[in-house]
Structures are given as structure tokens and as C-alpha cells.
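This briefing introduces a structure to a reader who has not met it before. It begins with the overall build and then turns to the interior.

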Amino acid sequence: MRYMVLVILSCFSLCTCANTSEQPNIIFLIVDDLGRQDVGVYGGSLYQTPNMDGLASAGMRFDNAYVAHPRCLPSRLAMMSGRYPASYGIPGFQNRKEGKHALPLSATTFAEILKESGYQTGYIGKWHLGKKGGEPLYQGFDTNIMAGKSGAPPSYFLPYEVPASGKSGKGFEPYEGGEKGEYLTDRLTDEAMTFIEEKKDSPFMLVLAHYAVHTPIEAPEPMVNKYREIISDRNIENGGRKSDKDVIVDSTGEVKTVQNNPAYAAMVDSVDQNLGRIVSKLDELELSDNTVIVLTSDHGGLSSRGLGSSRELATSNLPYRHGKGWLYEGGIRVPMIVKWPKKITAGSISTVQVTGTDHYPAFLDIAGLPLQPDMHRDGESYLPALQGKKYHRKPMFWHSALGRPTQTGDTRSSAVIDGDWKLIQWYSLDNESVERVELFNIAEDPGEQQNLSQQSPQKVVELEEMLNQWKKSVNARLGQFKKGGV
């Protein structure tokens, strides 16, 4: 089936090659672990993000953007495949018949379709979806730079594979070149600018997937000092220690309540400055008017940890509840900004709900290519939203099969959102039975403080039936929690 689709697309590309100059370039910028509230235009007050804010002023901000899973690998799997990660048994129950890679080679990615239609395709940065033989070059990308199996660098300073402690690294892909001490976010942007320069004469699709702002929380010292001073000037105690005084304990673990980590703030600032470099390069090459930039994150910010965990917390997602790892809004609601000059009303805001599987069909739509619903079967193109239309997206589903109570504090759970209503099922620690259910009206209560399951039992029945049917359709299973991982 995959072969037939690519043959059909090859024929399609032959028919449309004369018009490829009219197809827009697409830059998909994924910032790892970036929380929705880490961006100024979404209400962030500490981190300076003038370039992200400027992107929103020139384009469209999505207020109800979600990811398909609150952790790195499953979320990225959904972006690349247009499928919910549970469809592939991820996390926890990967179908070994599909091979050793989280993203199986049998899947057809959006890059493969764009490539067959004449796009130059490049992937720079965090991949995390396959071992050797499962990198971007095997999934439709012509260019692959620093993209392998690793989920995080041991160090953000060259040599990146050697942690600051000097001890052996984690198998991070060594980078040949550069100057000792250079910063990884700068390096990835340098590579992206080179790619844009080289591919400027034909339509290109570039995924720039920053490892930042994932741990280890490291940034150039002058930038860290800048935020130490800003935090002190606000009469707030500098954070970044496991003993931060703003961390509170609730029934589910420990939660950070103040954005006061200067090193993390510097990491966000660095990503923003490097976005500005990309925009300037597009302006310099006169490509801006025909380039779509989509900026988002793979899940909520790192704000929670299990009781007794010594993990350093990076940020606060308030008013949204919890963060990375959790199916509460803080874990799955993310920033999403799209700039498409002359196609999107500048400074517009969309309230349409979108999720991580939707990027795939949207990219095809943006490129003027036919959708492939058999491939991106869980995705729904958001091109109509970019055109200013309002509509009700079909229900969105989540299945978190492996909780990490000793790390980010979360336990096994599943969820569904249908419009304003959200239901979460929490499983027993000992078996697969649903231990409790929470129901929220996220339009009226985005912080998920009012569990309405007792007041609205019919809505609980309706949403549980919907969620249970979906779980059955994807063979969603449960595993034991993991003690480590990213």
C-alpha cells in the first residue's frame, strides 16, 4: 500500500512540477519541553520571547493546541505519522513485527509525501524515533543533521556527548566540527540556515527540532546572569534547586508554582533569539512571503515530580494543572503559532482545537497536495482554521500506558476531549481497572479544579463510552510505570 501511494504521488509530482515554485516552503520548528506559559504572547512574564511574540503578531496563535501524548517520543511519533501513538503500541507495547524502531519504517511520513511531490526535505535536531537504520534519512528526509535515537544531549556545550561532569555520555551522536564550548541551540540554527541557503531555489520542508529546553538545564553564563538579575529585581528568589521554596506538595506529587529558574529562562531566550536568526535569513533571501513557519512544542513544561524525587524542575505551567507526563492541561496543551504571509490574517487568534496528529494533513493541505486519510487517519488538517474558519474538531484521545510516579509524578491514565468537555480515567496501581474518573469543563475551568463527575453523570457515561470504544479500536493496553526515561 505504501508503495502504491508513493507511485501515485510520483505521477502527481510529474504533473505539478511546473508549479513547484508556487508551493510554499514549510519550516516546522519543534521546541522540546516548552510549556505554553513559557511564551510571552501566551501570558509568560519572565522569559523574553520577542521573536515568538512577533511570529504571532505576523501570523496566527492557536489558543487550544494540544499534543497527542505528554511525553517526547510518543508525541513526536504522532506528529510524524498522523496517528495516535497507542495505534503503534507506544509507549510500552511496540509491535515488534513492525521492526525495532518506535516509528516503523512501514509508516509513510509527511516528509515522504512532500519529497515525492518535489520538496527538498531536511531534519535537524532531536529525532528520538528510531535506532540505527531508523533515522530521518529512512523516513523521507534528504538531509539529516544531529538526528538519531537520543532524547537529550549529555551537554549543551560542545563536545555535546560529554556531560558537564566529564563522565561518559549517553550515546549522543558526536558532531564533527564546530568550536569547543559552542552552544547546541546555536549550532542547530547554523545548520538550518545553511540548509535554507542551499535549498532556496526549490520548495523545501525543514523540521528544526531543538533539543532545548529539555534537561540538562544549561545555558551560556552571560544569559543565565541576565535572568538572575531580572528575578532578583522582581524580589523573587532565584530557583533551579530541588529545594525551591515555591514548590508545593499536593495529593499527586510536587509542583512548581513560580517561573524563577534563570538557567531555564536563558534556554528559552536562546531558542527565541535563534528563531529570530531564521526569520532574518528568510528575509535576506527574500523567501519570507512564501514560507510557512509552524512553531510548537512536544508537550507541556517540566513542572511536576513525584514525592521524594530529586529532579530539578524547570518552570511553572500555571494556571494549567501539572505538566510533562500528565494528561492534565499543563501536560498536553502547548503553544502553537503559524506564520504564512498574505494567507493568514496577521495577529489573529484561533480557538479551534488541534492536536499533534493534525500537522501531517495540514502540511499536505498547505502544499496543495491531496490528503492521505489512510496514512494520517487520526489527523485533521487545520488549514480551515488558518483561513479564519471556526469549527468543532472531532474528539481527541490520549492513552498514557506507562506512568512515572517516581519521576514526573504521573500515573497511568486515559483521556478524551470533546469540545468543552474533558474526561480522564485513572487506573489502579495494581491492575487495569479504572480507579476513578474526573470530568472537567475546560472552557469554564481550564485549571481543572472542579471535578464535575458527580454533578454530570450522563456526560461521564457518554464520554467514557466514547473513550472505551476508542481504546478498544487501538488495542490500548497498560504497563507498569517506568523509573527513568525522558
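The protein has 11 helices and 15 strands, where helices (H or I, at least four residues) and strands (E, at least two) are DSSP runs numbered from the N terminus. Its radius of gyration, taken over C-alpha atoms, is 21 Å, close to the 23 Å that the globule rule gives for 486 residues, so the protein is as compact as a globular protein of that length; the rule is 2.2 Å times the number of residues to the power 0.38. This is a predicted model, in which local features need pLDDT of at least 70 and side-chain atom pairs count only at pLDDT 80 or more, while totals for chains, interfaces and linings use all residues. Residues are numbered from 1 along each chain as its sequence is written, and side-chain values use heavy atoms, with hydrogens and water left out.

**Overall build**
- Along the principal axes, the C-alpha atoms fill a box of roughly 60 × 50 × 45 Å.
- Of the 486 residues, 62% count as buried, meaning under 20% relative accessible area with a 1.4 Å probe, protein chains only.

**Interior**
- The largest nonpolar core, a set of buried Ala, Val, Leu, Ile, Met, Phe, Trp, Tyr and Cys residues joined through side-chain atoms within 4.5 Å, has 77 residues, of which Phe62, Phe110, Val207, Phe363, Tyr382 and Leu386 touch the most other members.
- Helix H9 (residues 359-366) gives the most to this core, with five residues.
- Apart from this core lies another, of 59 residues, among them Leu206, Ala212, Tyr264 and Leu275.

Key. Buried < 20%, exposed > 50% of the residue type's maximum accessible area, 1.4 Å probe, protein only.
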